[in-house]
Amino acid sequence: MTQDQVIELMKSSKSEEEWNANCDKVKKAFGGYPDFWYKEVILTGLANQVLGAGAGDIKITAF
């Protein structure tokens with residue numbers, strides 16, 4: 001999975017549940033969140049762009 005594929009996958013999310021499922025797919029593919037995750041997903045506010053205002057408050061946990 002490339003960086004562009006990850007971004008497109010996350011942009012395809014239609015709900016918080018789908019967002020979280022896509023996060024799980026990314027973590028599985030990379031053995032955790034990839035190095036670019038913070039810059040390309042968190043700092044850009046991608047969740048807010050995809051799911052609407054306030055979506056950036058979705059709790060992201062790492063195990």
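Of the 63 residues in the chain, 29% are buried. The model is a predicted one, with a mean pLDDT of 87 over the chain and 83% of residues at 70 or more. The fold is plain to list: four helices and zero strands, which run α-α-α-α from the N terminus on. Confidence varies a bit among these elements, with α1 at the top (mean pLDDT 97) and α4 at the bottom (86). As for how the chain comes back on itself, 52% of the contacts with a separation of 6 or more join residues that sit 24 or more positions apart.

Much of the interior can be told through the largest nonpolar core. This core has twelve residues in all: V6, I7, L9, M10, W19, C23, V26, F36, W37, V41, L46 and A47. Each of α1, α2, α3 and α4 puts in at least two of them, and α1 gives the most, with four. One core member, L46, shows how these pieces meet. Setting aside neighbours within four places in sequence, L46 is in contact with I7, M10, K11, W19, E40 and V41.

Next comes α2, which spans residues 16–30. With 15 residues, this helix reaches 21 Å from first C-alpha to last, close to the 21 Å expected at 1.5 Å a residue. Its buried residues are W19, N22, C23, V26 and K27. They lie on the same side of α2 because the arc they cover around the axis is only 145 degrees. The general geometry helps here: an α-helix has 3.6 residues a turn, so residues three or four places apart point the same way. What covers the buried residues of α2 includes α1 (3–11), α3 (37–42) and α4 (46–51). On the face turned away from the buried side, α2 carries the exposed residues E17, K28 and A29. Just past the end of α2, G31 takes a positive phi of about 70 degrees.

The loop between α1 and α2 deserves a look of its own, and S13 is located there. Despite the loop setting, S13 counts as buried, because its relative accessibility is 2%, against a cut-off of under 20%. Its side chain has two polar partners to report. One is the backbone oxygen of M10, which the side chain of S13 reaches at 3.0 Å. The other is the side chain of N22, with a polar contact at 2.9 Å; N22 is itself one of the buried residues of α2. Not counting residues up to four places away in sequence, S13 touches E18, W19, N22, V50 and L51. W19 turns up again here, having already appeared in the core and among the contacts of L46.

At the start of the chain, M1 belongs to the segment before α1. With a relative accessibility of 46%, M1 counts as partly exposed, since exposed residues have to be over 50%. M1 and F30 are 29 residues apart in sequence, yet their C-alpha atoms are 8.2 Å apart in space. Leaving out neighbours within four places in sequence, M1 is in contact with V6, L9, V26, A29 and F30. Of these partners, V6, L9 and V26 are members of the largest nonpolar core, while A29 is among the exposed residues on the outward face of α2.

Conventions:
Residues numbered from 1 in each chain as written. Predicted model: local features only at pLDDT ≥ 70, side-chain atom pairs only at ≥ 80, totals over all residues. Heavy atoms only, no water. Expected span 1.5 Å × (residues − 1). Buried < 20%, exposed > 50% of the residue type's maximum accessible area, 1.4 Å probe, protein only. Arc of directions from axis to C-beta. Contact = heavy atoms within 4.5 Å. pLDDT = per-residue confidence, 0-100. Polar contact = N/O pair within 3.5 Å; in protein donor to acceptor, adjacent residues only side chain to side chain. Core = buried A, V, L, I, M, F, W, Y, C linked by side-chain atoms within 4.5 Å.
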